[in-house]
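Work through the exercises below with the sequence and the structure side by side, trying each task before reading its solution.

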Amino acid sequence: MSGDVSDTTELQPLDLESSRVSVQIPAVRYDQQGEMSDDERIGIAMRNFVKDFGRVAAIYMESCVHCGACAEACHYYVQTGDPRYTPIWKLEPFKQAYKREASPLAPVYRLLNLKSKVTVKQLREWQELIYDSCTMCGRCTMVCPMSIDIATLVGLARHGMFQAGLVPHELWAVAERAKREGSPLGATAQVFEDRVDWMGDEHEVEMHMNEDQADYLVTMSSIEIQKYPESMAAIAKVMNAIDASWTFHSDGYEATNFGMLSGNAEWQKAMTVKIIETAIKVGAKAVILPECGHAYGALRWQGANQYGKPLPFRVMHVSEFLAELVTNGRLKLNQVDRSVTFHDPCQVSRRGGATQAPRVVLKALGVDLREMQDSAEYNWCCGGGGGVVTIHRADALRYKTFEIKMRQVNETGAQMLLSTCANCRQTFDDGQEHFHWDKTMHSLLELVADNIVETEQ
Amino acid sequence: MDLLTFARGPALQAAFTIFLIGTFWRLLGVLLLRRKLDHSEPRQPALAGAFKGQIAHLWPYQPFASRVMASYLLGYAFHIGLVVVIFFYLPHILFIQDLFGVSWPALPHAVVNAVGGITLMALVALLVKRLMNPVTRLISNFDDYFTWFVTVTPLVTGMLAVAQVGARYETLLALHLLSVALLLIWFPFGKLMHAFFFVAARATTGMIFERRGTHS
C-alpha cells in the first residue's frame, strides 16, 4: 500500500513528538491508496480534476507563456536549483489534460493528437511535485507576469490525485483520521474536553465548554490541542479579560482542514460545515479561528462557498480579533521591552489579507519589531504548509527550504521569534531541532495573554 | 497569379479570417465558462483589483527584482520594439490606412530600423535563454519555439525586404506578407493568445486578492 518506510497507518497515526525516520527508498517514489486498475485510476484523476474547472482555472491554464519566473519565487527551486520544482511544471500533466480534455481547442488537440493522454505513470511521478514540494504558499502568484494563481491550481490537481488514490501516505492517513475521529492528531471531542479542563486547572483560568449560547465560538487547531495546549489557556484569558460571552464546543472545535490539504473535497466540506453548524447553533456572532494558517483560508475565504451561502457570523483569525481588541481599547497590554521578528503565515497574510493585524498587536505590545528582509505578503514559507510537514520522505527537502527562514531570522538579530500559526510553529520547532538552531518560535497569542493589564471591574 | 498577389490577397484574407474566428472561439470558450459565486464576506470591494492587477504585474515586485529583471527587460525590449516596428513604420501605416482609413505619423526609417535590430536581438537573447536556462528548457514545448519562429520571421523578412538583401524586393515582400499570414494563422492556437488572456488573468487574480484585502 505504501511506497516508503514510514510506519504511519490508520491504527498508528502520525506522531509529531518522537524522532522521525525520513529515509527515501530510491526505487519507490510514490504512495498509492486503494485497489484499482491504472485505467480506472487515470479516469478518476482526470474527472475529478476537471470537475471544478470553471472560468478562473481555465483562464489561468490558457495564460502561461512559459517564462519561468515562478521558479524564482519558489523556495524549492531557489534552494535546490532543480528545474522540476518550477511551480508551473508541477501542473504539467494537468495542463496537458486541460488542453486535451477541456479547453476550447480540445477537439483539435485530440483529433491531431497534439497532446497525448496523461498516464498513471506521469501522475505517480508528479505526486512528489503536487504534494512534497508545494506548500501552496502562493509566492509564485506574485511574481507571475500573467498573475496566474498556481497555488489554486495545485489545490485543484490534488482533488484529482486524492480520488485516484495517489496521495503521500502520511498525508492521506492524517486526513482519513481527521474525517473518522474529528481531528487529524487524535484530538477527539473527549480528548479536547479533557485537555481544556486540564489547561483551565493548570492556569487557573475559567473555561467555557459547550455553552448553549455564546457570542464567540472559539476554535482550535489539533496541533495546539496536542502540542501547544497553552494556546487554549491563552485565548481563554483574553476572552475572560474582555468579559466576552464565549465558548469552546465539542461539536465544532477542530479548525484544521486536512480534507482541503489532501485534496478530498467532500471531507473538506464536512469539516467546514461542522464548525458552521455549531456556530449557528450557539448563535455566535463570530467564529475565532486559532493560530493556524490554512484554517483561515478554509473558513474565512472558502467556508461560505462550501456552505453554499453567506455565513451569518463573522470569521476572524485570532490575530485579527486581538488587533480589533487593542484598537478599540477593550484589551490593554503591558509593554514588552524586547526586539521581535514576525513570521507571516502565508495563508493568513499573503493569501488571506490579514497582514497588518499582527503588526497592530505588536505595536500595542510596544516591542521593537524587526521585519525580515522579505516580510508580510512577500514572506518565505516556513516549508511546512500545505500538509508538507506531515510527509516524512519530504523532510530533507523541507529542511533545505527552512534554511532561508533561519538566515532571514538571524539577519534581523531580534531577541524573539513570533508567528500566528501552530503549523508554522511546529515546522520551526522541527527545524530548530534538526539544525540545533538557537531560535525558538513563540506564539503571538500567548505573548498577548501573558501581558494583559488586569483592570479593576 | 504571382506570389506577391497571392500573399497580398487570398493568403492574408484567409489568415485574417482564421485569426478572427479562432481568437473569438478560444476567448469565448474560456470566458463563457461558469464562475461560481463567491459567498465569502469581502474585506473590501473586489472590482478595483481588476485594474490594480493590470498595473502591478507590469513590473516585478522588489523582492523578486534581482532574480527576474533581465527577463523583464528583454521582454519589454521586444514587445515595445514590435509595437514600434508594426505601427510606426511608414509602409505599415499606409497599409493600415488602405484597409481601415485611419493613419498617424510615422517614425523615421532609421529609427524603425534600429528598433527592429534591437527587437531581433532581444528575441534571439530570449531564445538563447530559453534553451540554456534549465527551467525554461524543461518547461518549453513546441508552442514556445514555433511561436518564437512565427514572431521572428516577419521581422527578419521585413528587414531583409527593406534592405533588399537576398532576393528581389517583390519576392522578399511576398515572403514577408506570407510570414505575417503564418503568424495570424498560428495566433489563436498557441501562446500568442496571452495578448488577450493576460488581461483576464490579471483581472481575475487581482479581484480575488483585492476582495481578501491584499493585492495579487
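**Exercise 1. Determine how many disulfides this predicted model contains over all chains, and examine A:Cys70 and A:Cys381 as test cases.**

Step 1. A disulfide is a covalent bond between the sulfur atoms of two cysteines, and the cut-off applied here is a pair of cysteine sulfur atoms within 2.5 Å.

Step 2. For A:Cys70, the closest cysteine sulfur belongs to A:Cys140 and lies 6.3 Å away, which is too far for a bond. With a relative accessible area of 8%, A:Cys70 is buried.

Step 3. For A:Cys381, the nearest cysteine sulfur is that of A:Cys346, at 4.1 Å, and A:Cys381 is in no disulfide. A:Cys381 also counts as buried, at 4% relative accessibility.

Step 4. The count over all chains comes to zero disulfides.

**Exercise 2. Describe the largest nonpolar core and the contacts of A:Tyr131.**

Step 1. The largest nonpolar core has 89 residues, and those with the most contacts inside it are A:Phe94, A:Leu123, A:Tyr131, A:Ile148, A:Ile150 and A:Leu153. Helix H8 of chain A, residues 150–163, supplies the largest share of this core, namely eight residues.

Step 2. A separate, second core of 49 residues includes A:Val196, A:Met316, A:Val367 and A:Ile452.

Step 3. Leaving aside neighbours within four places in sequence, the contacts of A:Tyr131 include A:Arg158, A:Met161 and A:Phe162, as well as A:Leu261, A:Ser262, A:Val388 and A:Ile391.

**Exercise 3. Establish whether A:Lys99 is buried or exposed, and list what A:Lys99 touches.**

Step 1. A:Lys99 lies in helix H4 of chain A, which covers residues 92–102.

Step 2. The cut-off for buried is under 20% relative accessible area, and because A:Lys99 has 14% relative accessibility, A:Lys99 counts as buried.

Step 3. Not counting residues up to four places away in sequence, A:Lys99 touches A:Met61, A:Ala106, A:Tyr109 and A:Lys115.

**Exercise 4. Characterise the packing of helices H17 and H18 of chain A, and then the setting of A:Arg359.**

Step 1. The axes of H17 (residues 318–327) and H18 (residues 357–364) come within 8 Å and cross at roughly 45°, and the two helices are therefore oblique to each other. Their crossing is left-handed.

Step 2. On the H17(A) side, the residues that meet H18(A) include A:Ser319, A:Leu322 and A:Val326, while those on the H18(A) side include A:Ala357, A:Val360 and A:Ala364.

Step 3. Eight of the ten residues of H17(A) are buried, so this helix is largely enclosed by the rest of the structure. Among the buried residues are A:Glu320 and A:Phe321. Just after H17(A), A:Gly329 takes a positive phi of about 80°.

Step 4. A:Arg359 has its place in helix H18 of chain A and is buried, with a relative accessible area of 11%. Apart from residues up to four places away in sequence, A:Arg359 touches A:Phe342, A:Asp344, A:Leu369, A:Glu371, A:Ser375 and A:Ala376.

**Exercise 5. Classify the packing of helices H2 and H9 of chain B.**

Step 1. H2 (residues 47–56) and H9 (residues 194–211) pack at an angle of about 130°, with their axes 7 Å apart.

Step 2. H2(B) and H9(B) are therefore oblique to each other, and H2(B) passes H9(B) in a right-handed crossing.

Step 3. The residues of H2(B) that meet H9(B) include B:Gly49, B:Ala50 and B:Gly53, and their counterparts in H9(B) include B:Val199, B:Ala203 and B:Gly206.

Key. Residues numbered from 1 in each chain as written. Chains lettered and ligands numbered in written order. Predicted model: local features only at pLDDT ≥ 70, side-chain atom pairs only at ≥ 80, totals over all residues. Heavy atoms only, no water. Core = buried A, V, L, I, M, F, W, Y, C linked by side-chain atoms within 4.5 Å. Buried < 20%, exposed > 50% of the residue type's maximum accessible area, 1.4 Å probe, protein only. Helix = DSSP H or I, 4+ residues; strand = E, 2+ residues; numbered from the N terminus. Contact = heavy atoms within 4.5 Å. Axes fitted to C-alpha atoms, helices over the stretch in contact; angles between N-to-C directions. Parallel < 35°, antiparallel > 145°, perpendicular 65-115°, else oblique. Left-handed = near helix turned anticlockwise from the far one by under 90°.
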